Amino acid sequence: MGDWVQQFDEFRRDGDDEAEFAHRSRSRHDAVKAGYYGSVEFIDFQINRLMETLHDQGVAEDTAILFVSDHGEMLGDHDLYRKSVAYEGSSHIPFLLHLPPRLRKDWGPAGDVEAIVELRDVMPTLLDLAGVPIPGTVTGTSVRRPVAEGTAVRDHLQGEHLIHQLGRHSMQWILTERHKYVWFSGDGREQLFDLREDPYECVDLVAAGGHTAELTRHRELLIAHLKDREEGFVSDGALVPGRPLRSEAEWVREFAAD
């Protein structure tokens with residue numbers, strides 16, 4: 001449990017099974033976790049069926065498999081459920097690439113790779129694997145060369161989400177190799193976590209004090225990403241809290257009207 005969880009107290013709806021911010025009884029929490037684990041086991045079973053079919057059809061050695069997810073699940077971490085937040089349970093997703101030996105040339109040995117990747121990397125990675133040119137308009141990156149050479153795919157990643165239950169807030173965050181910086185656009189609250197020493201994000205370094213250099217560095221990275229946004233999140237080189245927010249539905253309606 002993070003030392004910062006009380007900041008969500010005003011938004012908690014304990015006893016509401018649909019609430020993202022809620023403290024649930026141990027029995028209810030265990031039931032939710034059991035259901036989630038059951039879903040994971042079901043997916044494992046279906047993947048095994050797929051692998052068996054590939055072998056039965058004689059194409060397993062010619063097939064690459066990339067397994068990803070669009071989001072995670074807080075599953076009760078910090079008394080949070082579902083998704084939509086910057087914390088690891090929600091934002092840290094799998095990126096698992098299986099390559100049979102004959103397709104592994106120039107990809108390096110099998111193993112875990114510590115790198116910051118995202119869903120935009122899926123298409124360029126698969127195009128690279130197939131030997132197809134990657135269009136210059138693609139914003140993602142093939143992971144082949146970083147995986148083979150042990151270099152970084154990128155030095156940081158910016159994420160954001162409008163959290164409807166928080167009303168006035170969107171969560172904006174910057175992930176670097178070691179740290180995660182979170183900014184709440186409603187009131188300007190900041191958090192900083194050392195993921196190497198604190199992978200479960202239990203200690204907010206902003207509240208603890210110190211770490212000024214890392215806080216400044218990450219804040220400046222976020223400012224660079226948000227400086228041209230129409231919401232006005234940045235003014236005179238500084239983050240501006242309290243700016244009006246627009247929902248995803250509003251963006252879609254405007255895009256469709258155009």
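A residue counts as buried when its relative accessible area is under 20%, as exposed when over 50%, and as partly exposed in between (1.4 Å probe, protein chains only). The model shown above is predicted, so local features need pLDDT of at least 70 and side-chain atom pairs count only at pLDDT 80 or more, while totals for chains, interfaces and linings use all residues. Residues are numbered from 1 along each chain as its sequence is written, and side-chain values use heavy atoms, with hydrogens and water left out.

**Exercise 1. Two residues with positive phi**

Find where Glu-201 lies and decide whether Glu-201 is buried or exposed.

Solution. Start with the elements: helices (H or I, at least four residues) and strands (E, at least two) are DSSP runs, numbered from the N terminus. Glu-201 sits in the loop between β6 (190-194) and α5 (205-208). Next, take its accessibility: at 2%, Glu-201 counts as buried. Finally, look at the backbone: phi of Glu-201 is near 55°, a positive value in a residue other than glycine.

Now try Arg-82 in the same way. Its phi is near 70°, again positive in a residue other than glycine. Arg-82 belongs to the loop between β1 and α2. With 39% relative accessibility, Arg-82 counts as partly exposed.

**Exercise 2. A neighbour across the chain**

Stay in the loop between β1 and α2, and describe the setting of Val-85.

Solution. First, Val-85 is found in that loop. Second, its relative accessibility is 3%, so Val-85 counts as buried. Third, check its C-alpha atom: 7.5 Å separates it from the C-alpha atom of Ile-163, although the two residues are 78 apart along the chain.

**Exercise 3. Aromatic rings**

Work out how the rings of Trp-4 and Tyr-87 are arranged, then do so for Trp-183 and Phe-233.

Solution. A pair of aromatic rings is described by the distance of the centres and the angle of the planes. Rings of Phe, Tyr and Trp (its six-membered ring) pair if their centres lie within 6.5 Å; planes under 30 degrees apart count as stacked, over 60 as edge-to-face and the rest as tilted. This rule gives four aromatic pairs.

- Step 1: the centres of the Trp-4 and Tyr-87 rings are 4.5 Å apart and the planes meet at 25°, so this pair is stacked.
- Step 2: the pair links distant parts of the chain, with Trp-4 in the segment before α1 (26-56) and Tyr-87 in the loop between β1 (65-68) and α2 (88-91), 83 residues apart.
- Step 3: Trp-4 and Tyr-87 are both buried.
- Step 4: for Trp-183 and Phe-233, the ring centres are 5.9 Å apart and the planes are at 85°, so the pair is edge-to-face.
- Step 5: Trp-183 is in strand β5 (residues 179-184) and Phe-233 in the loop between α6 (212-226) and β7 (234-235), so this pair ties together parts that are 50 residues apart in sequence.
- Step 6: Trp-183 is buried, with a relative accessible area of 2%, and Phe-233 is buried at 1%.

Which residues do ring pairs link into a cluster? They are Trp-4, Tyr-87 and Phe-193.

**Exercise 4. Strand β4 and its partners**

Describe how covered β4 is and how β4 is joined to β3 and β5.

Solution. Begin with the strand itself: β4 covers residues 170-176, and six of its seven residues are buried. Then recall that two strands pair if DSSP finds at least two bridges between them. Strand β3 (residues 156-162) runs antiparallel to β4, and seven bridges join them. In this pairing, Leu-162 stands opposite Ser-170 of β4.

On to β5: five bridges join β4 to β5, and these strands also run antiparallel. Here Leu-175 is opposite Lys-180 in β5. To finish, trace the connection: a hairpin joins β4 to β5 through two residues.

**Exercise 5. The whole chain**

Give an overview of the chain, from its elements to its extent.

Solution. Count the elements first: the chain has seven helices and eight strands. Then consider burial: of the 258 residues in the chain, 35% are buried. Lastly, the C-alpha trace spans about 55 × 50 × 45 Å along its principal axes.
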